[in-house]
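This report looks at local features of one protein model, moving from charged pairs to backbone geometry and then to helix packing.

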Amino acid sequence: MATNLLNETKVRNAKPREKPYRLSDGGGLCLLVTPADTRLWRLRYRQPGKVRVDKDKTNRGRPESMVSLGSYPTISLKDARAKAAEYRTLFMRDRITPAEAKRTEQAQYNNTFKEVALEWLAKQHFSKKTLEKADWTFKK
């Protein structure tokens with residue numbers, strides 16, 4: 001299995017096409033390039049213990065799953081590789097699928113609208129009356 005097939009220049013210069021396409025980096029990591037010129041990092045993996053059976057009752061192996069790692073350039077190639085390696089390690093060592101690991105990570109963030117709105121209000125330099133009005137609006 002060849003890895004590190006992509007470099008920063010290939011990722012940066014990937015042009016959108018009429019249909020979405022993938023650029024593989026190896027090891028399940030790929031970059032999905034959409035027609036809207038969005039570049040999304042994806043990690044492909046196979047579910048342990050599950051077997052896909054087609055309509056003709058033939059066993060086609062384990063089903064493939066995919067998890068999102070973020071978008072480029074927010075997540076660089078180096079960061080995407082590191083995150084993919086982290087997910088693979090968790091999968092091999094603890095049998096935690098990348099999707100389960102991502103759900104666990106996201107559960108740590110408790111960003112409700114209320115919390116974000118109160119944090120935003122605290123950073124503003126409004127008059128007392130404007131702050132009261134904004135606070136009342138958010139509570140409604």
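## Salt bridges, backbone geometry and helix packing

In this predicted model, the side chains of Asp94 and Arg93 meet in a salt bridge, with an N to O distance of 3.2 Å. The two partners fall into separate accessibility classes: Asp94 counts as partly exposed because its relative accessibility is 38%, which lies between the limits of 20% and 50%, whereas Arg93, at 57% relative accessibility, counts as exposed.

Side chains of opposite charge can pair when their charged atoms come close. The structure holds five salt bridges, and three of them, including the pair just described, are set out in the table below.

| Salt bridge | N to O distance | Relative accessibility of the partners |
|---|---|---|
| Asp94 and Arg93 | 3.2 Å | Asp94 38%, Arg93 57% |
| Asp37 and Arg39 | 3.2 Å | Asp37 38%, Arg39 14% |
| Glu86 and Lys83 | 3.9 Å | Glu86 37%, Lys83 24% |

Where do Glu86 and Lys83 lie with respect to each other in helix α2? They are three residues apart in this helix, which spans residues 77-94, and so they are separated by about one helical turn. Their side chains meet at 3.9 Å, N to O, a value that still satisfies the criterion for a salt bridge because the cut-off is within 4 Å. Glu86 is partly exposed at 37% relative accessibility, and Lys83 is likewise partly exposed, with a relative accessible area of 24%.

The pair formed by Asp37 and Arg39 joins a partly exposed residue, Asp37, to a buried one, Arg39, whose relative accessibility is 14%. Asp37 also deserves attention for its backbone, since its phi is near 65°, a positive value in a residue other than glycine. Asp37 is placed in the loop between β2, residues 29-33, and β3, residues 39-46.

A further backbone feature is found at Tyr72 and Pro73, which are joined by a cis peptide bond with omega of about 15°. Pro73 has its place in the loop between β4, residues 64-72, and α2.

The remaining features concern helices α4 and α5. How are α4 and α5 oriented to each other? Helix α4 and helix α5, the latter covering residues 128-139, pack at an angle of about 175°, and their axes are 11 Å apart; because this angle is over 145 degrees, the two helices count as roughly antiparallel. On the α4 side, the contact is made by Phe113, Ala117, Leu118, Trp120 and Leu121, which meet Leu131, Ala134, Asp135 and Phe138 in α5.

Within this contact, Ala134 of helix α5 counts as buried, at 16% relative accessibility. The C-alpha atoms of Ala134 and Leu121 are separated by 7.9 Å, although these residues are 13 apart along the chain.

Trp120, by contrast, is partly exposed, with a relative accessible area of 41%, and belongs to helix α4, residues 113-123. Together with Phe113, Phe126 and Phe138, Trp120 makes a nonpolar surface patch of about 420 Å². Phe113, Trp120 and Phe138 are thus listed both in this patch and among the residues through which α4 and α5 meet.

Notes:
Residues are numbered from 1 along each chain as its sequence is written. This is a predicted model: local features need pLDDT of at least 70, side-chain atom pairs count only at pLDDT 80 or more; totals for chains, interfaces and linings use all residues. Side-chain values use heavy atoms; hydrogens and water are left out. Patches are made of residues with over 30% relative accessible area and no salt bridge: like charges are joined within 9 Å, nonpolar side chains (Val, Leu, Ile, Met, Phe, Trp, Tyr) within 5 Å. Accessible areas come from the Shrake-Rupley method with a 1.4 Å probe; for residues, only the protein chains shown count as cover. Helices (H or I, at least four residues) and strands (E, at least two) are DSSP runs, numbered from the N terminus. Buried means under 20% relative accessible area, exposed over 50%, partly exposed in between (1.4 Å probe, protein chains only). Axes are lines fitted to C-alpha atoms, for helices over the stretch in contact, and angles run from 0 to 180 degrees between N-to-C directions. Angles under 35 degrees count as roughly parallel, over 145 as roughly antiparallel, 65 to 115 as roughly perpendicular and the rest as oblique. Contact means heavy atoms within 4.5 Å.
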